[in-house]
Amino acid sequence: MPSISDVLKRHTDSLMAIPGVVGVGQGEHNGHPTVYVMVVRLTDSLRHALPDSLEGYAVQIVTSGTIQAQPD
Amino acid sequence: MRSTRRATALPLRIALVLALGVVAACTDTTSPRAPSAAGPDFARGGQQGPDFRAALAARSKHEHDIMTRAGVEGIGVGLSDNGTPAVVIMTANGAIGGLPAKLDGVPVILMPTGPFLAVLPRKGKPGGGSGGGGSVDPSGTFARPVPLGVSIGNENECAAGTLGARVTKGGSVYILSNNHVLARQNAASLGEQILQPGRYDTSPQCSIPTGSSIGTLSQFVTIKFGSGTNTVDAALASTTTSLVGNATFTGGYGQPNHTTRSATVGMAVQKCGRTTSCTHGQVAAINATVTVQYDVGVATFVNQVVVGGKRGAFSKAGDSGSLIVTDDVNANPVALLFAGGQTTTIGNPIDAVLSALGVTIDGK
């Protein structure tokens, strides 16, 4: 099984190219590394566009909203 | 960004963060999905992120007209369901008649968010975050030397961010915060004054009281907007130990450690900042690539730290520049807070920040 960082290197660009995806990183679930995908809103089109897993790592989808710089 | 426009856009920006949070709360999901036979669909590609310029222009042009209508609580930009930029009109309680479906060709989305009074900065009422910060209002004016975690801003804009840490280089001391707090998103010239509190928090608002300077902008890492990637949103202001201390206000973690730690998923962290005061959270993801919306455009950041709040938001608008440290007595610096979504906060890995600027944390 490839390392999670290699998997991220291979797939981050194509995941980020999906409209509505604003972030991709390494997460964790039940002690296992995951592909952590941040989306503006979890729409049906995003559900279909995102894979369930990548090279053996579960894809974890988190509704983050748009990420904005945070000054007042 | 002109400071005059910045001033009028500020409450709206705060409002938009909440609006997206409210909407997303209906669909909030953290769901690792079981593998299935369905293959990934990566046929589309090429685009680095949505281009908000048309939506921002439409928002600015029509802001006054829209905002004066009854029931409208805010206007901003966001993404429609199909991922295209849209003008977002936030309403007190649902539908409002007579609003256009498009503004200058940009789709309009209505978001029933309720009124925003609760999230606008109010004197003497900090907090609303997940940690409870005691009775200190970090947006207020502090006696010199000022503590970490309080409101600061550039003299040439009516804005406020957070004083993250005091750092040292070659025997001199500096304020560490974000480029977009100290250096006006690349627009500033070295030598501009850094004020405490930031002008968003002065009375009357946006004024510059005598004696509010605590430093001068001395260095910043340029943010690349559009194509290209960034690792840090960081800047330094030259200061002195009589103007800036190296511990948080009462109720915070005190002095940060001189020694940094790399973020790991699940790590417990804390921060003290201008808006939500001192809050606690947990690292949700590392090595993250994130697209971040600024006033002047969208920027992509790589190798970022993603933090989720323990109870409520870990950060809100105005907390930019906060130092994120481990949630233990050591308070080892982990990241520099600079962006966020509804329940999500993004920080630059602190080692990348310190090496980009050539400084070390002035701590215990």
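**Exercise 1. Classify the two ends of the salt bridge between B:Asp362 and B:Arg166 as buried or exposed, then place them in the chain.**

Step 1. B:Asp362 has a relative accessible area of 16%, so B:Asp362 is buried. Buried means under 20% relative accessible area, exposed means over 50%, and partly exposed is in between (1.4 Å probe, protein chains only).

Step 2. B:Arg166 has a relative accessible area of 10%, so B:Arg166 is buried too.

Step 3. The two side chains meet in a salt bridge, 2.8 Å from N to O. A salt bridge is a side-chain nitrogen of Lys or Arg within 4 Å of a carboxyl oxygen of Asp or Glu.

Step 4. B:Asp362 lies in the segment after strand S22 (360-361) of chain B, and B:Arg166 lies in strand S9 (residues 165-169) of chain B, so the pair ties together parts 196 residues apart in sequence. Helices (H or I, at least four residues) and strands (E, at least two) are DSSP runs, numbered from the N terminus.

Before going on, note the ground rules. This is a predicted model: local features need pLDDT of at least 70, side-chain atom pairs count only at pLDDT 80 or more, and totals for chains, interfaces and linings use all residues. Residues are numbered from 1 along each chain as its sequence is written, chains are lettered from A and ligands numbered from 1 in the order in which they are written, and side-chain values use heavy atoms, with hydrogens and water left out.

**Exercise 2. How many salt bridges does the structure hold over all chains? Describe the one between A:Arg10 and A:Glu55.**

Step 1. The count over all chains is five. Side chains of opposite charge can pair when their charged atoms come close.

Step 2. A:Arg10 and A:Glu55 form one of them, with 2.8 Å from N to O.

Step 3. This pair links distant parts of chain A, 45 residues apart. A:Arg10 sits in helix H1 (residues 4-16). A:Glu55 sits in the loop between strand S3 (53-54) and strand S4 (57-63).

Step 4. A:Arg10 has a relative accessible area of 48%, so A:Arg10 is partly exposed. A:Glu55 is at 34%, so A:Glu55 counts as partly exposed as well.

Step 5. Chain B offers another pair: the side chains of B:Glu192 and B:Arg184 meet at 2.8 Å, N to O. Both B:Glu192 and B:Arg184 are buried.

**Exercise 3. Find the disulfides and give the handedness of each.**

Step 1. The structure holds two disulfides over all chains. A disulfide is a pair of cysteine sulfur atoms within 2.5 Å.

Step 2. B:Cys158 is joined to B:Cys206, S to S 2.1 Å. The angle about the S-S bond is -75°, and this link is left-handed.

Step 3. The pair links distant parts of the chain, 48 residues apart. B:Cys158 is in the loop between strand S7 (151-154) and strand S8 (161-162) of chain B. B:Cys206 is in the loop between strand S11 (193-195) and strand S12 (213-220) of chain B.

Step 4. B:Cys158 is buried at 2% relative accessible area, whereas B:Cys206 is partly exposed at 22%.

Step 5. The sulfur atoms of B:Cys272 and B:Cys278 are 2.1 Å apart. The torsion about their S-S bond is about 110°, so this disulfide is right-handed. B:Cys272 and B:Cys278 are both buried.

Step 6. With the bonded cysteines of chain B numbered in sequence order, the pairing is 1-2, 3-4.

**Exercise 4. Which residues of helix H4 (residues 350-357) of chain B are buried, and where do they lie around the axis?**

Step 1. The buried residues include B:Ile350, B:Val353, B:Leu354 and B:Leu357.

Step 2. They cover an arc of only 90° around the axis, so they lie on the same side of H4(B). The arc is that of the directions from the helix axis to the C-beta atoms.

Step 3. After H4(B) comes B:Gly358, with a positive phi near 70°.

**Exercise 5. What average pLDDT does chain B have, and where does the pLDDT fall below 50?**

Step 1. Chain B averages 78, and 72% of the residues score at least 70. pLDDT is the predictor's confidence in each residue, from 0 to 100.

Step 2. Over residues 1-48 of chain B the pLDDT is below 50. Over residues 113-133 of chain B it stays under 50.

Step 3. Where pLDDT is low, the predicted coordinates should not be read in detail.

Step 4. For the complex, the predictor gives an ipTM of 0.82 and a pTM of 0.71.

Technical notes:
Contact means heavy atoms within 4.5 Å.
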